[in-house]
Amino acid sequence: MPQRFDCVIVGGGPAGLSFAAMLGRLGLSVAIVEQAEVATLAEPEPDGRDIALTHLSRAILERLDVWARFPDAEIAPIRRAEVKNGSSPYALTFDHPPQAHDALGFLVANHVIRRALYRSVLDLPNVQLLTSVKATALSLDAASARLETTAGSFETPLVVAADSRFSAVRRMAGIAAKMRDFGRVCIVSRISIERPHDEIATEWFDYDRTLAALPLNDHQLSVVLTIDSTGGATEMASSAEAFAAEVERRFAGRWGTMRLLGERHAYPLVAVYADRFVARRFALVGDAAVGMHPVTAHGYNFGLRGADALARGIEGALSLGLDIASPSLLERYDRDHRAATWPLYTATNALVSLYTDNQPLARIGRDALLRLGNVLGPVKSLMMGKLTEIEPSRRSA
């Protein structure tokens with residue numbers, strides 16, 4: 001006999017846990033099916049990734065009682081952002097509006113977010129977390145969905161896949177996805193610095209690699225190096241001292257002596273966009289729907305936005321006594337989330353293509369684009385809105 005829940009979520013990462021917390025607060029019974037062991041979710045190890053959360057993401061996490069679970073020392077504000085190209089000292093800059101906000105965004109380590117979400121979900125008695133369990137088959141019909149797992153069968157009005165950009169359950173639902181392999185790796189690390197960073201985030205498109213320096217607390221930077229796979233293997237094999245010295249050299253000693261803290265972590269760069277975000281009694285959230293290149297730092301932010309949009313649609317259906325997985329509800333989620341994500345997804349990929357092209361004309365275009373971004377007020381305001389997710393009226397308040 002299958003177990004019955006109002007919703008079954010496959011994937012206990014940040015997007016899946018966030019959506020479970022949203023539905024749990026609506027009083028729905030929720031099961032989370034996760035392959036990892038419980039210890040991995042309860043006390044996740046640092047993985048090098050520091051997530052730049054937007055103002056919208058902060059507001060959602062505050063509603064979920066998750067933001068308050070972040071230790072103050074683990075929240076690092078970004079006051080200013082600079083984008084540089086090649087050897088030019090010129091920078092496209094973004095400053096927070098001091099009248100309305102104290103930061104462009106907020107950096108929080110990925111493992112800190114995951115731990116807080118896990119503990120938040122544990123406080124919800126109607127949410128059941130099933131670890132060390134793998135989804136094996138999925139069937140969807142007009143009346144209900146059925147998920148087969150290594151722990152038995154589940155019957156539910158709605159199955160939600162949040163099992164990464166390489167989602168196996170997305171494939172079970174018959175949904176294809178367009179993947180773009182950038183042929184590069186992203187190496188993330190924490191580095192201590194001698195001089196203050198003044199809470200400025202720097203993105204520097206060099207001619208053979210991209211370097212980002214994100215300001216953390218306690219005289220530290222989260223350094224993100226994007227490089228071809230061969231160069232990535234060399235950087236990962238170099239000593240801690242050599243790696244830090246190379247980063248210091250690349251940034252021209254801007255922050256003085258640099259020292260690697262902890263381990264380096266390497267991740268392949270693959271962007272993903274699902275052809276559809278929904279099927280009959282089925283939906284995608286998080287990276288299973290949209291897997292972003294990290295240059296615009298919107299992966300988890302889009303995951304939160306999508307989960308919130310779907311949860312709000314379900315809340316509206318509940319208030320009217322309607323089906324929480326009706327075709328009209330899911331189609332509206334698909335349409336709205338596509339409108340929210342597709343422009344920045346395509347713009348990000350185009351930006352990456354331009355700023356990794358070292359042909360002479362591309363180099364000229366790269367520099368010109370930064371200068372235009374600074375002088376065209378409406379364009380800069382639009383970019384600011386997309387990156388911070390602050391409403392225009394609030395940005396100018």
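These legends accompany close-up views of a predicted model.

**View 1. Tyr273 and Phe277 form a tilted ring pair.** The structure counts nine aromatic pairs. In one of them, the ring centres of Tyr273 and Phe277 lie 5.4 Å apart. Their planes meet at 50 degrees, so the pair is classed as tilted. Stacked pairs need planes under 30 degrees apart and edge-to-face pairs over 60, so 50 degrees fits neither class. Tyr273 is buried, at 3% relative accessible area. Phe277 is buried too, with a value of 0%.

**View 2. Ring pairs join four aromatic residues into a cluster.** The members are Tyr273, Phe277, Trp342 and Tyr345. Tyr273 and Phe277, the tilted pair of the previous view, both belong to this cluster. Burial values are given here for two members: 3% for Tyr273 and 0% for Phe277.

**View 3. Arg58 sits over the face of Phe106.** The distance to the ring centre of Phe106 is 4.9 Å. This falls within the 6 Å cut-off for a charge over a ring.

**View 4. Arg264 sits over the face of Phe243.** Here the distance to the ring centre is 5.0 Å. The 6 Å limit is met again.

**View 5. Cys7 and Cys186 are both buried, in a structure without disulfides.** Cys7 has a relative accessible area of 0%. Cys186 stands at 6% and also counts as buried, because the limit is under 20%. A disulfide is a covalent bond between the sulfur atoms of two cysteines. The model holds zero of them.

**View 6. Ser132 has a positive phi.** Most residues other than glycine have a negative phi. Ser132 is not a glycine, yet its phi is about 55 degrees. The residue lies in the loop between β9 (127-130) and β10 (135-140). Ser132 is partly exposed, with 47% relative accessibility. That value stays below the exposed class, because exposed means over 50%.

**View 7. Ser164 also carries a positive phi.** Its phi is near 85 degrees, in a residue other than glycine. Ser164 belongs to the loop that runs between strand β13 (159-161) and helix α5 (168-172). At 33% relative accessibility, Ser164 is partly exposed.

Note on methods: Residues are numbered from 1 along each chain as its sequence is written. This is a predicted model: local features need pLDDT of at least 70, side-chain atom pairs count only at pLDDT 80 or more; totals for chains, interfaces and linings use all residues. Side-chain values use heavy atoms; hydrogens and water are left out. Rings of Phe, Tyr and Trp (its six-membered ring) pair if their centres lie within 6.5 Å; planes under 30 degrees apart count as stacked, over 60 as edge-to-face and the rest as tilted. Buried means under 20% relative accessible area, exposed over 50%, partly exposed in between (1.4 Å probe, protein chains only). A charge sits over a ring if NZ of Lys or CZ of Arg is within 6 Å of the ring centre and within 35 degrees of the ring normal. A disulfide is a pair of cysteine sulfur atoms within 2.5 Å. Helices (H or I, at least four residues) and strands (E, at least two) are DSSP runs, numbered from the N terminus.
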